[in-house]
Amino acid sequence: MSDGTGTTVPQPREKSWSDYRSARLAQVLRTEPLSGGFANQVWRATLRDGSRVVVKTAEDPAPDLFAVEAEGLETLRTQGGLRTPEVLEVGPRHLILTEQEPAPRTPAFWEAAGRGLARLHSVTGPRYGWHRDGWLGRLPQRNTWSHDGHTFFAEQRILRYLAEPEAERALDAADRAGLERLCRRLPELIPPAPPVLVHGDLWHGNLLATPAGAPVFIDPAVCWMWAEADLSMAYCTGGIPEPFFTAYREIHPLTDGWRERMHLLHLREHLSVLAHFGADRDHVDAIRHILRVWN
C-alpha cells in the first residue's frame with residue numbers, strides 16, 4: 001500500500017530488538033528508520049559484524065502478514081524472473097531482508113523495470129486469484145479463485161471494500177449504486193484478458209535498485225490477475241515516466257484504449273485508500289468522476 005496519497009507516515013519508535021526472539025536481531029548494533037508505506041515500520045539495521053539488513057515490523061500484525069510478503073517476493077523472483085530482496089528471516093512480528101539501494105530514476109532504469117514487468121506479465125496462470133488471501137496495506141486482499149476475470153475484479157477488488165467501515169462512511173448510496181452498476185458493465189468496458197502473475201501494489205516507491213542500478217521490486221500483493229490492473233497503479237499514482245511503459249509494450253503489447261482504462265482499473269486503489277483512511281476528498285472525487293465517465 002503506497003504512501004503516495006498525501007498521508008503522513010508516522011516515524012517508527014525505537015525498538016527493543018531482544019523482544020523479537022531472533023538470533024539475528026539480537027546482533028543489532030544500531031538502526032535508522034526508513035521511509036516507505038504506512039502499514040509497516042521499516043528500519044535499516046547494522047549488525048555487530050558490520051553487515052546491514054532491512055527489518056520490517058508492525059504493531060500487532062496479523063499472524064501471516066510477513067509470511068505472505070515473503071512468499072510473494074519468492075514467487076516474483078522464482079516464477080516471474082524479477083529481482084527482489086532476499087528474505088533472510090521471517091517471524092510473526094518481523095521480516096528481515098537484504099538491503100537495496102534507492103532507485104536511480106534514469107531512463108535506463110525505467111526501461112529495465114518496464115521490461116521486467118512485461119516478462120512477469122508473460123507468466124499466465126490457471127485462474128484469477130491466489131491460493132491464499134493476502135494483504136494490501138492493513139486490510140485483507142481477497143483472492144478467492146474465479147474463472148472469470150470480470151467477476152473476480154468486481155467482487156474481490158471493488159465491491160469487497162464497500163463493507164469496510166471507513167469506506168461505508170465515505171460513500172453515499174448513490175456512490176454504492178454507481179459502483180455496483182459499473183461492476184455489472186465491466187465485461188463491456190474491459191476486454192477479456194488472461195490471468196497473469198502480477199505484483200499487485202506497483203507504485204514507484206516499491207521499486208528500488210541493486211548497487212549496479214538494476215530494478216528491484218518490493219512489497220508485493222501477488223495474485224493472478226489482468227496485466228492492465230497491475231499497470232493501472234504504476235500509471236495513475238505518478239512518478240513512473242513514459243520510458244517504463246514504452247519498454248513494457250515492446251515485450252507485452254497492450255490493446256487499444258489501455259490508457260483510458262487505467263483510470264477505471266485504478267478504482268481499486270481509490271477504494272482501498274478510503275477503506276484505510278476514511279473520507280479523503282481527492283479519492284471520493286476521483287471515484288465519482290470515474291462513475292460519471294464510465295457509467
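**Entry 1: Glu32 and Arg44**

I began with Glu32, which is partly exposed at a relative accessible area of 37%, and I kept in mind that what I have open is a predicted model. I then looked for a charged partner, and found that the side chain of Glu32 meets that of Arg44 in a salt bridge, 3.0 Å from N to O. The two residues are 12 apart and link distant parts of the chain, with Glu32 in strand β1 (residues 28–34) and Arg44 in strand β2 (residues 41–47). Arg44, for its part, comes out as buried because its relative accessible area is 19%, and the cut-off for buried is under 20%. I also noted that Glu32 and Arg44 belong to a network of salt bridges that takes in Arg52 and Glu99. For the structure as a whole I recorded 20 salt bridges.

**Entry 2: strand β2 and its neighbours**

Having met Arg44 in β2, I asked myself how many of the residues of this strand are buried. I found that seven of its seven residues are, so I wrote β2 down as mostly covered, given that buried means under 20% relative accessible area. Going through the two faces, I listed Gln41, Trp43, Ala45 and Leu47 on one side and Val42, Arg44 and Thr46 on the other, and these are all buried.

I next followed the pairing of the strand, and saw that β1 and β2 run antiparallel and are joined by six bridges, while β2 and β3 also run antiparallel, with six bridges between them. Thr46 turned up in both pairings: Thr46 is the bridge partner of Arg30, and Thr46 stands opposite Arg52 in β3. In the hairpin of β2 and β3 I counted four residues between the strands, and I marked Gly50 there for its positive phi near 90 degrees.

**Entry 3: Arg132 and two acidic residues**

I moved on to Arg132, and first checked its salt bridge with Asp64, where the side chains meet at 4.0 Å, N to O. Arg132 lies in the loop between α2 (107–120) and β6 (134–136) and Asp64 in the loop between β3 (52–57) and α1 (65–78), so this pair ties together parts that are 68 residues apart in sequence. Both are partly exposed, with relative accessible areas of 27% for Arg132 and 26% for Asp64.

I then found that the side chain of Arg132 also meets that of Glu71 in a salt bridge, at 3.5 Å, N to O. Since Glu71 lies in helix α1 and Arg132 in the loop between α2 and β6, the pair ties together parts that are 61 residues apart in sequence. Glu71 is partly exposed as well, at 25%.

**Entry 4: Asp175**

I looked up Asp175 in helix α5 (residues 173–189) and asked whether it is buried or exposed. With a relative accessible area of 5%, Asp175 is buried. Leaving aside residues up to four places away in sequence, I found that Asp175 touches Ala170, Arg288 and Leu291, and that a polar contact of 2.8 Å joins its side chain to that of Arg288. I also took down the C-alpha to C-alpha distance from Asp175 to Leu162, which is 9.9 Å for a separation of 13 residues in sequence.

**Entry 5: confidence**

Last, I checked the confidence of the prediction, and noted a mean pLDDT of 93 for the protein chain, with 94% of its residues at 70 or more. I set residues 1–13 apart in my notes, as the pLDDT over that stretch is below 50, although it has 36 contacts in the model beyond near neighbours in sequence.

Conventions: Residues numbered from 1 in each chain as written. Predicted model: local features only at pLDDT ≥ 70, side-chain atom pairs only at ≥ 80, totals over all residues. Heavy atoms only, no water. Buried < 20%, exposed > 50% of the residue type's maximum accessible area, 1.4 Å probe, protein only. Contact = heavy atoms within 4.5 Å. Polar contact = N/O pair within 3.5 Å; in protein donor to acceptor, adjacent residues only side chain to side chain. pLDDT = per-residue confidence, 0-100. Pairing = 2+ DSSP bridges.
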